[in-house]
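Work through the exercises below with the sequence and the structure side by side, trying each task before reading its solution.

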Amino acid sequence: MRASVVFNRQISPAYLHLGVAAPTFPVSFRAGEFVMVRPPWVGDPFLPRAFSLYRVSGPTSGGGSRTGDSLPVIEILYKVLGKGTQCLARMEPGQGIEILGPLGNAFTLPGDLEQAVLVAGGIGVPPIAALATQLAQFRIPHSAFRNVEVFLGGRTSEDILCVKDFEEAGASVHITTEDASLGTRGLITDLLRPFLLTPQAPRAEPRDEASRLTMYACGPPAMLAAIARLAEEFAVPCQVSVEANMACGFGACMGCAIEVKAEGKSYKLVCKDGPVFDSREIKW
Amino acid sequence: MVRAERAGGSPPPDPRPPGPVKLEVEIAGIRMQNPVMTASGTFGYASEFEQYLDLNRLGALVVKTITRLPRAGNPPPRIVETPAGMLNAIGLQNVGIEAFIREKLPYLRKLEPPLIVNVAGESVEDFRDLTKRISDQEGVAGIELNISCPNVAGGLDFSTDPNLAYRVVKAARDATLLPLIPKLSPNVTDIVAIARAVADAGADAISLINTLVGMAIDVRTRRPKLANVTGGLSGPAIRPVAVRMVCQVAQAVRLPIIGMGGIVTAEDALEFLIAGATAVAVGTANFIDPTAPVKVIEGLEQFCAANGIPDICQFIGGLQIPPRTEERGRSTE
């Protein structure tokens with residue numbers, strides 16, 4: 001659908017926050033869903049780019065653009081990494097942009113969820129931040145749901161985004177960076193393992209107890225693989241949002257295959273069967 | 001402006017013909033409401049697109065290649081973007097012919113446009129059996145033979161050797177009365193020789209072109225960007241090659257041609273018609289804009305209306321190559 005840029009601002013040296021107004025976009029998206037974004041480019045770059053939804057704000061005034069008034073504003077966060085994001089970074093308010101979505105599946109919340117452990121590495125944070133916001137609305141009286149623990153990791157402090165969102169959602173935030181410029185030094189799993197060993201985290205035994213804690217993760221493939229191993233070790237359910245090269249985003253090109261555990265070779269499509277998978281399903 | 005010059009005189013004759021533009025074409029007895037089809041492998045089994053466009057507006061539907069047995073496809077990465085196009089090495093991932101007949105065909109049959117089923121075999125016998133099995137089904141208007149998939153071991157061979165191409169099409173011909181449309185590979189020195197071979201074998205039409213074999217390398221890792229190492233190049237980058245091949249074949253073989261390769265707009269489609277195609281297929285553009293085929297149809301209608309052309313068929317094979325004059329030759333000296 002035709003949309004127009006409302007804002008496109010830098011939030012950290014390599015990261016930008018894009019808002020586009022789209023007339024018919026549903027405001028009530030589910031955390032984990034994504035959109036295909038295509039600036040009016042021709043030729044090179046050629047394909048649209050997939051981005052997880054960070055936020056969809058309802059029809060409000062503001063955003064600093066006339067075009068944004070009274071239309072839902074789709075918000076994504078992105079890191080300038082290649083040709084596509086470089087082009088995107090040059091977009092200015094008022095310019096036209098094509099949006100397709102919301103696409104894909106979403107994170108699921110078990111009815112007996114007591115504790116959610118959210119894990120995000122670098123630019124994997126937008127769907128996790130969206131989930132935290134959704135979980136804040138999940139706090140209904142008399143439900144077993146107690147709290148949200150968030151683990152954010154990155155190379156430096158500049159890769160740590162959305163801390164305010166998590167705090168506003170009432171989550172406890174744990175930060176780790178590889179250069180110790182923010183939080184503790186190390187990888188995200190260095191923080192996560194001790195946490196899973198503490199008494200406040202429901203243990204692996206008995207099994208039904210463990211199912212009340214669910215991990216949700218998004219980040220680089222190596223991080224997700226490490227998280228999946230931890231989840232298996234502690235017998236904790238874990239949902240991961242994965243990334244893949246995509247041409248269409250809706251199951252037609254079959255380009256975004258990911259290998260899953262099965263007899264013989266078997267692939268699922270990240271765009272249609274995902275982007276959220278049970279970590280045990282994927283062949284890491 | 002014309003009007004202004006004639007002010008005061010009698011009203012100018014309307015350059016546009018009365019009534020709507022006629023877009024209907026016919027390929028090997030398959031009547032289509034317009035010449036715009038979908039290219040196999042870029043349109044799934046149509047249902048993926050139903051929420052984005054009215055499928056019944058299409059000229060014909062060509063669905064993703066079906067093989068005898070289900071295929072898991074190639075390992076990822078399967079696609080990579082290239083300038084004005086993309087490389088793919090999906091590896092003919094599909095559910096296999098029996099599941100296709102059971103699960104996909106009932107839906108496709110309910111759609112109005114003629115359905116063309118695309119099949120690929122690993123042997124001549126495979127092609128014969130697949131053709132037979134498909135022609136036993138109701139609601140199939142034609143069969144496209146994918147003798148040119150570059151991403152499957154052996155798949156390319158059928159379309160790069162005139163003798164093999166002949167044998168495959170002949171075997172399929174003996175197994176069906178339905179229109180047979182071999183889809184040819186551009187990865188050959190002489191496309192006309194292959195086109196002649198499939199025509200001699202009894203093909204009813206020819207699809208031109210499949211993807212061009214290509215490769216892209218990550219300079220940091222020094223590894224190919226595709227797990228399959230090479231892949232098929234598609235998108236606007238290959239359009240000039242496709243137009244040239246359609247033109248060559250149209251002048252040498254008396255069979256209708258379905259032209260494809262990088263069509264995004266109506267003008268792209270017209271290039272193919274003028275070069276000699278009777279119909280066109282929108283392919284990779286479906287990925288970047290699922291409404292692309294409808295935009296091409298509307299664009300064709302508008303172009304005809306704006307240029308006073310009552311019938312789209314007037315474009316077919318209408319290429320005009322100006323004679324080379326000696327004057328021109330001298331002026332460049």
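**Exercise 1.** Determine how many residues of chain A are in contact with chain B, and which strand of chain A gives the most to that side.

*Solution.* Start with the contacts, where two residues count if their C-beta atoms, placed from the backbone, lie within 7 Å: 23 residues of chain A touch 25 residues of chain B. Next, look at the elements (helices, H or I, of at least four residues and strands, E, of at least two are DSSP runs, numbered from the N terminus); strand β14 (residues 257-259) of chain A gives the most to this side, with three residues. Finally, sort the residues on the side of chain A by character, which yields 14 nonpolar, five polar and four charged, where Ala, Val, Leu, Ile, Met, Phe, Trp, Tyr, Cys and Pro count as nonpolar, Asp, Glu, Lys and Arg as charged, and the others, Gly among them, as polar.

The model is predicted, with local features requiring pLDDT of at least 70 and side-chain atom pairs pLDDT 80 or more, while totals for chains, interfaces and linings use all residues. Residues are numbered from 1 along each chain as its sequence is written, and chains are lettered from A and ligands numbered from 1 in the order in which they are written.

**Exercise 2.** Find the order of the strands in the seven-stranded open sheet of chain A, and explain why β4 and β5 each have one side without a neighbour.

*Solution.* Strands pair if DSSP finds at least two bridges between them, and following the pairs gives the order β4-β3-β7-β1-β2-β6-β5 in chain A, with antiparallel pairing. Because β4 (49-52) and β5 (55-57) of chain A stand at the edges with a single partner strand each, one side of each has no neighbour in the sheet. Within the sheet, β1 (residues 2-12) and β2 (residues 15-21) of chain A are joined antiparallel by seven bridges, and A:N8 stands opposite A:L18 in β2(A).

**Exercise 3.** Decide whether the residues of strand β5 (residues 79-82) of chain B are buried or exposed, and identify the strand that pairs with β5(B).

*Solution.* A residue is buried if 20 or more other C-beta atoms lie within 10 Å of its own, exposed if 12 or fewer, and partly exposed in between, with C-beta atoms placed from the backbone. By this test B:I79 and B:E81 on one side, and B:V80 and B:T82 on the other, are all buried. The partner is β6 (residues 85-88) of chain B, paired antiparallel over four bridges, and B:I79 has B:N88 as its bridge partner there. Two residues lie between the strands of this hairpin, and B:A84 in the turn has a positive phi of about 55°.
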